[in-house]
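Thank you all for coming; please have a look at what I am about to put on the screen, and then I will take you through it step by step.

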Amino acid sequence: METDLELMLRVTRGDEGSFEELLRRHGAPLTNYLRRMLRESALAEDLAQEVFLRVYQARERYRPDARFTTWLYRIATNLALNAIRDRKGEVPQAEGESAEDGSGAARLVDSRPNVEQQLMQSDRERLIRQAIEELPERQRAAVILHKYQDVDYQQIAKVLGVSESAVKSLLFRAYESLRTRLEPLLVGGQL
Amino acid sequence: MKCFEREQLFAYGHRLLAAREEEQVRAHVAECAACRAVVKEYGKLDTLLDGWRPAEPSPWFDARVRAAIAAESAKPYRFRSPFSLGWVRWLAPALGVVLVLTAALAVWRSRRSPERLVTPTVASLPASRAPQNGVAPAPGPAPVPVPTPQMARPQPVETPRPVTAAAKAGEDELGLYENLTVLEDYDLLANFDVLSELSRGEKKVGN
């Protein structure tokens, strides 16, 4: 299988098929990253599209001096952080956070075990999501890249434009905050 | 037995340590129940975070990206003239700076030159700078003094001052240089270290 780098080099020579392959490989993870950063699926998809468009526009200037995913996530992170700053003050409604979602009333209405399990799972998921969303932007990006996108810390340093030791510190502080915020789940043994 | 900081234990649990440090922490954690509990706690948190499941992008996401790329490809080819290159953006400010500096230098020189451009003749030289002991000025056409506003003004009368032998010799040499035909451009010559030093010597003597 060709590496991302090889595919991107072929894209620079005008191979549209290689770009399709890159889109197939990274479309879903990138959209997930942006969705976790921004809470909103529609905005996340718009920005993910923008990221791929920018990669395509910059294909002739591409230099293989870093991993393709570093470049991809760097563009995505910049767009996400800009979007977060632009939207500060607004209170977006996250997907799945409807009145019934995770509420006690919904659970009382239907007490079938599978539904209860589902609700517990979605309740736990909501708490995790909220805890991560409450992290400062850079800590949030570091945690999401590290935990959910499987990006190593050296690469995270390049994506965020900080030193590797700064990434370790960002991750530690983020996990400490998460440990405190999610303590009821950790102690309650709901895992 | 000294326990590790939480940050190191966290880094150990997430494989963020260098190999040597990781080995040290591993050895300690194997023996220390308290540190082992901290590492376990981070592991538990990590497992909990797995509960935030990924979502699939909408089915039309790929199609939207393809459409955007197709639209981008269909754009008419834009001729990139050399003037659209990035460096051209910096050229204008750079030229501006060069022009301003050149103008400033020209103004500075024009203010400075009336004094300097006057090639001192024997007559115009102060007594202390006139050829002494029968040393005649160098042969060649006598330099024509350029009339300047400074020349029109009455020159202050210099009071005689004590002159040391070394300073006097230096001033003689300066007078000789200034009267050489080939070295008429005194302004240019002023850049030479010898003349600058001589001038300084003269000032020092004056003071």
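Let me start with a small puzzle for you: in which loop of chain A does A:Asp150 lie? If you follow the chain along, you will find A:Asp150 in the loop between helix 7 and helix 8, the latter covering 153–160. Before I say more about that residue, please keep in mind that what you see is a predicted model.

The phi angle of A:Asp150 is near 60°, which is a positive value in a residue other than glycine. As for its surroundings, A:Asp150 counts as exposed because it has 10 C-beta neighbours inside 10 Å, and the cut-off for exposed is 12 or fewer.

There is another residue to set beside it, namely A:Arg39, which has a positive phi of about 75° and is likewise not a glycine. A:Arg39 is found in the loop between helix 2 and helix 3 of chain A. Here the count of C-beta neighbours inside 10 Å is 18, and so A:Arg39 is classed as partly exposed.

Let me now step back to the whole chain. Chain A has 10 helices and 0 strands, so that reading from the N terminus you meet one α element after another. Of its 191 residues, 33% count as buried. If we take the contacts between residues at least 6 apart in sequence, 63% of them join residues at least 24 apart.

What about the interior? In soluble globular proteins, nonpolar side chains tend to be buried together. In this model the largest nonpolar core has 62 residues, and those with the most contacts inside it are A:Leu34, A:Val51, A:Leu72, A:Ala76 and A:Ala142. To take one of these, A:Leu72 touches A:His26, A:Leu30, A:Val51 and A:Val55, if we leave aside residues up to four places away in sequence.

Finally, let us turn to the partner chain. How many residues of chain A are in contact with chain B? There are 30, and they meet 26 residues of chain B. At least two residues of this side of chain A come from each of helix 2 (16–38), helix 3 (41–57), helix 6 (113–133), helix 7 (137–148), helix 9 (164–181) and helix 10 (183–187). Helix 2 gives the largest share, with 7 residues. Sorted by class, the side of chain A that touches chain B is made up of 17 nonpolar, 5 polar and 8 charged residues.

How values were computed:
Residues are numbered from 1 along each chain as its sequence is written. Chains are lettered from A and ligands numbered from 1 in the order in which they are written. This is a predicted model: local features need pLDDT of at least 70, side-chain atom pairs count only at pLDDT 80 or more; totals for chains, interfaces and linings use all residues. Helices (H or I, at least four residues) and strands (E, at least two) are DSSP runs, numbered from the N terminus. A residue is buried if 20 or more other C-beta atoms lie within 10 Å of its own, exposed if 12 or fewer, and partly exposed in between; C-beta atoms are placed from the backbone. Two residues are in contact if their C-beta atoms, placed from the backbone, lie within 7 Å. Ala, Val, Leu, Ile, Met, Phe, Trp, Tyr, Cys and Pro count as nonpolar, Asp, Glu, Lys and Arg as charged, and the others, Gly among them, as polar. A nonpolar core is a set of buried Ala, Val, Leu, Ile, Met, Phe, Trp, Tyr and Cys residues joined through C-beta atoms within 7 Å.
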